[in-house]
Amino acid sequence: MDYDALFEKHLSALRDAGNYRVFAELERCSGVFPQAKWHHDGATSDVTVWCSNDYLGMGQHPIVTQAMHEAIDRCGAGAGGTRNISGTNHDHVLLEAELSDLHGKEAALLFTSGYVSNWASLGTLGSKLENCVILSDSLNHASMIEGIRHSRAEKMIWRHNDPEDLDRKLSTLSPDRPKVVAFESVYSMDGDIAPMEEILDVAEKHGAMTYLDEVHAVGLYGPRGGGIAEERGLMDRVTLIEGTLGKAFGVHGGYITGSAALIDFIRSFASGFIFTTALPPAVAAGARASIRHLKESSVERDLQKSNVALLRKRLDALGIPHLPNPSHIVPVMVKDPVKCKMISDILLSDYGIYVQPINYPTVPQGTERLRFTPSPMHTTEDIDHLTRALGSLWSQCALARSVA
């Protein structure tokens with residue numbers, strides 16, 4: 001059997017639908033974020049990155065890079081293996097203490113990525129809590145969905161950001177069954193924010209524990225960067241808060257925080273923690289430095305908010321449609337997979353602007369978009385250059401404009 005032919009058949013279908021993913025080869029340039037080098041066809045061009053999840057540019061902050069350099073000099077490159085076999089590095093302990101303090105919890109646990117922290121934690125809760133049912137928001141991230149699937153627990157999906165639907169579904173369950181309500185704070189594709197207080201009210205009414213994914217909020221919201229739950233004064237009401245070190249904190253890794261018993265439970269039973277090599281000490285040291293800085297500094301958050309508002313204002317002036325939301329994510333709606341990819345390609349090749357097209361299956365068909373994430377380091381000139389380019393391409397592609 002010609003297996004390569006079978007692979008190519010599926011790849012051709014992706015290409016025909018306009019959903020084939022092409023990865024630009026970029027080289028991040030230290031100290032000049034969001035500028036980068038684009039390697040293509042044997043040449044190199046300067047580009048401005050507009051879709052990074054390094055939301056605050058902390059991946060190149062001198063405090064972070066210095067902490068990583070010092071840790072490499074002190075500990076070397078790698079962690080040496082799993083924490084179960086090779087021991088817990090001192091930098092892991094310090095970082096977990098920093099994270100538990102950030103979220104006002106008794107304990108924290110590090111994972112190799114935010115994906116793994118969701119997959120391992122939800123998988124462990126669902127499989128180890130006898131007769132558990134997990135109630136999942138309909139737009140939860142793939143990592144949460146995979147964790148729930150892996151657990152083999154009963155699952156119920158409630159309508160996105162709809163506490164009333166959650167209430168109805170919880171009402172059908174026996175009061176003595178373990179229940180986990182899993183949802184996100186900021187949803188990364190539409191940029192909408194969960195009605196957190198109302199969701200917590202419903203969960204508490206039915207005796208359910210709450211699992212909150214704050215990956216697109218930590219570092220960005222709240223007086224110390226603790227996320228939406230901190231901003232709204234609700235951290236103490238959330239059972240488990242999950243986050244990432246790879247977005248606003250600018251480094252790499254995932255984590256969970258909660259009670260000492262809950263964290264020890266996940267630590268003791270989650271295969272995704274037990275059997276994988278730990279984060280390098282330098283990564284942990286860099287993450288800790290980033291968190292400590294953002295606990296004290298609001299400069300980065302304030303500048304980012306200003307740039308988000310300016311970009312939206314410029315888009316409105318040109319009639320470029322973008323989803324309204326209260327977050328830092330600016331989804332510009334193209335609603336056509338082929339044109340979305342074409343605009344992305346032209347922005348990169350002709351204007352030196354890098355933004356990845358977001359097509360199905362990441363978003364539903366007919367909602368294809370360009371997802372912009374302004375950072376504190378983008379200049380007014382960057383924003384003007386971007387919006388002029390979008391205005392020209394909107395006309396070239398005969399796309400509809402919004403009316404003020």
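Trainee: Which strands does helix α5 lie across, and at about what angle does it run to β8?

Mentor: In this predicted model, helix α5, residues 114-128, lies across β4, β5, β7, β8, β9 and β10. The helix runs at about 165° to β8. Since such angles go from 0 to 180 degrees between N-to-C directions, the 165° between α5 and β8 tells you about direction as well as tilt.

Trainee: And which strands does helix α8 lie across?

Mentor: Helix α8, residues 196-205, lies across β6, β7 and β8. This helix runs at about 175° to β7.

Trainee: What is the order of the strands in the open sheet?

Mentor: The 7 strands follow the order β4-β10-β9-β8-β7-β5-β6, and their pairing is mixed.

Trainee: Why is one side of β4 and of β6 left without a neighbour in the sheet?

Mentor: β4 (107-111) and β6 (154-158) stand at the edges, where each has a single partner strand, so one side of each is left free of a neighbour. As for twist, neighbouring strands of this sheet are turned by 20° against each other on average, with direction ignored.

Trainee: What makes β7 and β8 a pair of strands?

Mentor: Pairing needs at least two bridges. Strand β7 (residues 179-184) and strand β8 (residues 209-213) are joined by 5 bridges, so they pass that cut-off. The two run parallel, and V181 stands opposite T210 in β8.

Trainee: How many bridges join β1 to β2, and which way do the strands run?

Mentor: There are 4 bridges between β1 (residues 25-28) and β2 (residues 35-40), and these strands run antiparallel. Set against the cut-off of at least two, 4 bridges make them a pair. E27 has K37 in β2 as its bridge partner. Their hairpin has 6 residues between the strands, and there G31 takes a positive phi near 90°.

Trainee: Now for charges. What makes D101 and K295 a salt bridge?

Mentor: The nitrogen must be within 4 Å of the carboxyl oxygen. The side chains of D101 and K295 meet at 2.7 Å, N to O, so the pair qualifies. D101 lies in helix α4 (residues 90-103) and K295 in helix α12 (residues 281-296), so the pair ties together parts that are 194 residues apart in sequence. Both residues also belong to a network of salt bridges that links E98, D101, R224, R288, R292 and K295. A search of the whole structure finds 22 salt bridges.

Trainee: Why is K295 called buried?

Mentor: Buried means under 20% relative accessible area, and K295 has 8%. D101 has 39%, which lies between 20% and 50%, so D101 is partly exposed.

Trainee: How do you know that R177 forms a salt bridge with E154?

Mentor: Their closest N and O atoms are 3.0 Å apart, which is within the 4 Å cut-off. R177 lies in the loop between α7 (163-171) and β7, and E154 is in strand β6, so the pair ties together parts that are 23 residues apart in sequence. At 15%, R177 counts as buried, while E154, at 39%, is partly exposed.

Trainee: What is the position of K341 and D345 in the helix?

Mentor: Both lie in helix α14 (residues 337-351), 4 residues apart, about one turn of the helix. They form a salt bridge, with the closest N and O atoms 2.7 Å apart. K341 has a relative accessible area of 21% and D345 has 36%. Each value falls between 20% and 50%, so both are partly exposed.

Trainee: Why does E300 have no salt bridge?

Mentor: The nearest side chain of opposite charge, R301, is 6.3 Å away, and a salt bridge needs a distance within 4 Å. E300 is buried and lies in helix α13 (residues 299-318).

Trainee: What does the side chain of E300 make a polar contact with?

Mentor: With the side chain of H293, at 2.8 Å. The limit for a polar contact is 3.5 Å, so 2.8 Å meets it. Leaving aside neighbours within four places in sequence, E300 is in contact with L56, H61, H293, L294 and P376.

Trainee: One last residue. What makes L234 buried?

Mentor: Its relative accessible area is 4%, and the cut-off is under 20%. L234 lies in the loop between α9 (228-231) and β9. Residues up to four places away aside, L234 touches M196, E197, L200 and A229. L234 and M196 are 38 residues apart along the chain, yet their C-alpha atoms are separated by 8.1 Å.

Note on methods: Residues are numbered from 1 along each chain as its sequence is written. This is a predicted model: local features need pLDDT of at least 70, side-chain atom pairs count only at pLDDT 80 or more; totals for chains, interfaces and linings use all residues. Side-chain values use heavy atoms; hydrogens and water are left out. Buried means under 20% relative accessible area, exposed over 50%, partly exposed in between (1.4 Å probe, protein chains only). Lys and Arg count as positive and Asp and Glu as negative; His and the chain ends are not counted. A polar contact is a pair of N or O atoms within 3.5 Å; within protein, one must be able to donate a hydrogen and the other to accept it, and residues adjacent in sequence count only if both atoms are side-chain atoms. Contact means heavy atoms within 4.5 Å.
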